[in-house]
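Dear colleague,

I am handing over the structure we spoke about, with the sequence alongside. Please have a look at it before reading the notes that follow.

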Amino acid sequence: MTNQYVKKVLIVGGGISGLAAAIALHKIGIEAEIAEKQLEWDVYGVGIIQPPNALRALNEIGLAEACMEQGTSYSGFDYYTGTGHFMFYGPSPTIQGYPGVNGISRKKLHHILIHAVQEIGTKIYMGTTVNQLDNKAEGVTVELSNGITATYDLVIGSDGSNSKIRQLLFGDIIQQYSGQGVWRYTLPRPKEVDKGLFYYGQKAKAGLVPMSDDEMYLLVTTHEPDNPRFPNDQLHVLLQERLAEFGGIIAEARNMIVDPSLVVYRPIFSHFVEGPWYKGNVVLVGDAAHGTAPHLGQGASIAIEDVIVLADILKHDLDIQETLRVFMDKRYDRCKLIVDHSNQLVEWELLTWSGKMNDGGRIGAFVNETLIKMNEPFLTEVNRPIG
Ligand SMILES: Cc1cc2nc3c(=O)[nH]c(=O)nc-3n(C[C@H](O)[C@H](O)[C@H](O)COP(=O)(O)OP(=O)(O)OC[C@H]3O[C@@H](n4cnc5c(N)ncnc54)[C@H](O)[C@@H]3O)c2cc1C
C-alpha cells in the first residue's frame, strides 16, 4: 500500500481534520508531522452534533465507537414553537448501523482524536505555525515558526476558517458574514431530555443538544446585524435577553445562564474556495477550504470526510497533482452543497424573523433531503487516468 510519491507530510493545524488526517495517513503507511499554532490544546467546552455520515467517516479510522461511547446517541429532534407548544418529532435520517445523531462534548472529541494520534506516535510541534512555503515540484520547503526548515512531499492545510496556508497559496478570500450569531452554554441534562429539542421563536431559534448522560448544551441562533462585538463580562445577560420570548424548558434554561465565561458566542461566517483547493504540493482541507454556517451540523463531518477521502486516493499511488485533482473533484459538490444549503437556511431564518416568510414545513423538508444526500456513499471508486 506504499505511495511512491508521498513519504513525508506536514499537517498544518491540529484541529478535527488535522488530527483525523494524521490517523488516516498512518493507516496507509504514511507518517505525518503536525504543526499546531496553540501552545497548549484549548478546546472550548460546549458540544458538537455528529450526524451519521460523521460517524461513518470516523469509523474508517476506528473512532466512531469511542465517540458514541463518550457521547450520547438519539434518533432525532422534537420541534416546538418558541412559547413551548409541541409541533412534531423529526427523526434524523440514518445510515444503517448508526444513530440519527450523536452529541458529544468538543473536549471529549478532541481527547479521542489526540489519544489516537499519540498512540501512533505522530510528532506534533505545538505553538508552531508556517512562516513561509517554497512550493516546488520536487517538494515543499517549509519554514516553521519554531526555527525548523524541512522539505515535505505534501503539505495539508487543515488550519481552519482563517487558514494561513490558504492565505499563503491564494491570498485573502472573502468570508461572508451571515448576519447571525450563535450562542452556546453547557447545562446539566435532565432525565426527560432524551433527544434533541428545537424551539422556533419569532426572533431566534433555541435548541438543547444532549452531549452525555448528564450534560447538554443550549444552542441559540440570533440575528446580529453588523457583526457586533460584545463585552465578555455581559455575555450571560445578553444571552438571557435573547431568550426572553421563549417558554418551556428554554425559559428554565435561561435562569441557569449565570456565568459569562461559560457563554460561547460565535458570529457566523461562511466561505467556499471555488478555485483549486491545491497549488503545487499543498492542499486545503476542512474549514480552510469550506467554512459553513452550522445549521446542518455538518462542518466537522465534511472536514473528517475530506481527509478520509484524501487518504483513500493516496492508496492508489497516483502522482501528487493527479491525487489532488481527484481529491477536489470528489469533494467539491458535496462540500458546496453543505455551504450553500446552510446559507439558504440562514436566509430563510432571517426572513422568518423579519416576518417576510412563514413556511416551516419547507425548511424541515429541505434539511431532511440534505441530510439524506449526505448519507449517500462518500468513498467512491478512484479511477486511474487513461493513458
Ligand atoms: C457555532 C458553531 C457550531 C458548530 N457546530 C457544529 C456541529 O454541531 N457539527 C459539526 O459537524 N460542525 C459544527 N461546526 C463546524 C466545525 O466546528 C468545523 O467545521 C470544524 O471544526 C472544522 O475542522 P477543521 O479541522 O477544518 O478546523 P478547526 O477544527 O478549526 O481546526 C483548526 C486548527 O488549526 C489550528 N491553526 C489555526 N491557524 C493555524 C496556523 N496558522 N498554524 C498552525 N495551526 C493553526 C487551530 O488552532 C486549530 O487547532 C460548528 C461551527 C460553529 C462556528
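Which element gives the most to the shell around the ligand? It is helix H8 that does so, with four residues; please bear in mind throughout that this is a predicted model.

Around the ligand there are 30 residues, and the closest of them are Ser-17, Glu-36, Ile-49, Thr-129 and Asp-287. Besides H8, which spans 299-314, at least two residues of the shell come from each of helix H1 (16-27), strand S2 (31-36), strand S3 (47-50) and strand S13 (176-188). Sorted by class, the residues of this shell comprise 14 that are polar, nine that are nonpolar and seven that are charged.

As for polar contacts, the side chain of Ser-17 places an N or O atom 2.7 Å from an oxygen atom of the ligand. The backbone takes part as well, since a polar backbone atom of Gly-297 lies 3.3 Å from a ligand oxygen, and a polar backbone atom of Ser-301 lies 3.5 Å from a ligand oxygen. The ligand taken alone exposes 1,000 Å², and 86% of that is buried by the protein.

Turning to the domains, the assignment gives domain 1 as 8-72 + 96-175 + 269-374 and domain 2 as 178-268, with their centres, taken over C-alpha atoms, separated by 26 Å. The contact between them draws on 24 residues from domain 1 and 27 residues from domain 2. About 1,900 Å² is buried between the two domains, and carbon and sulfur atoms give 60% of this area. On the domain 1 side, Val-46, Phe-269 and Trp-353 together supply 36% of the area buried against domain 2, which is more than any other three residues.

With best wishes

Conventions. Residues numbered from 1 in each chain as written. Predicted model: local features only at pLDDT ≥ 70, side-chain atom pairs only at ≥ 80, totals over all residues. Heavy atoms only, no water. Near = heavy atom within 4 Å. Polar contact = N/O pair within 3.5 Å; in protein donor to acceptor, adjacent residues only side chain to side chain. Areas by Shrake-Rupley, 256 points an atom, 1.4 Å probe, with all protein chains shown as cover. Nonpolar A, V, L, I, M, F, W, Y, C, P; charged D, E, K, R; others polar. Domains from an automatic or database assignment. Contact = heavy atoms within 4.5 Å. Buried area = accessible area lost by both parts, 1.4 Å probe.
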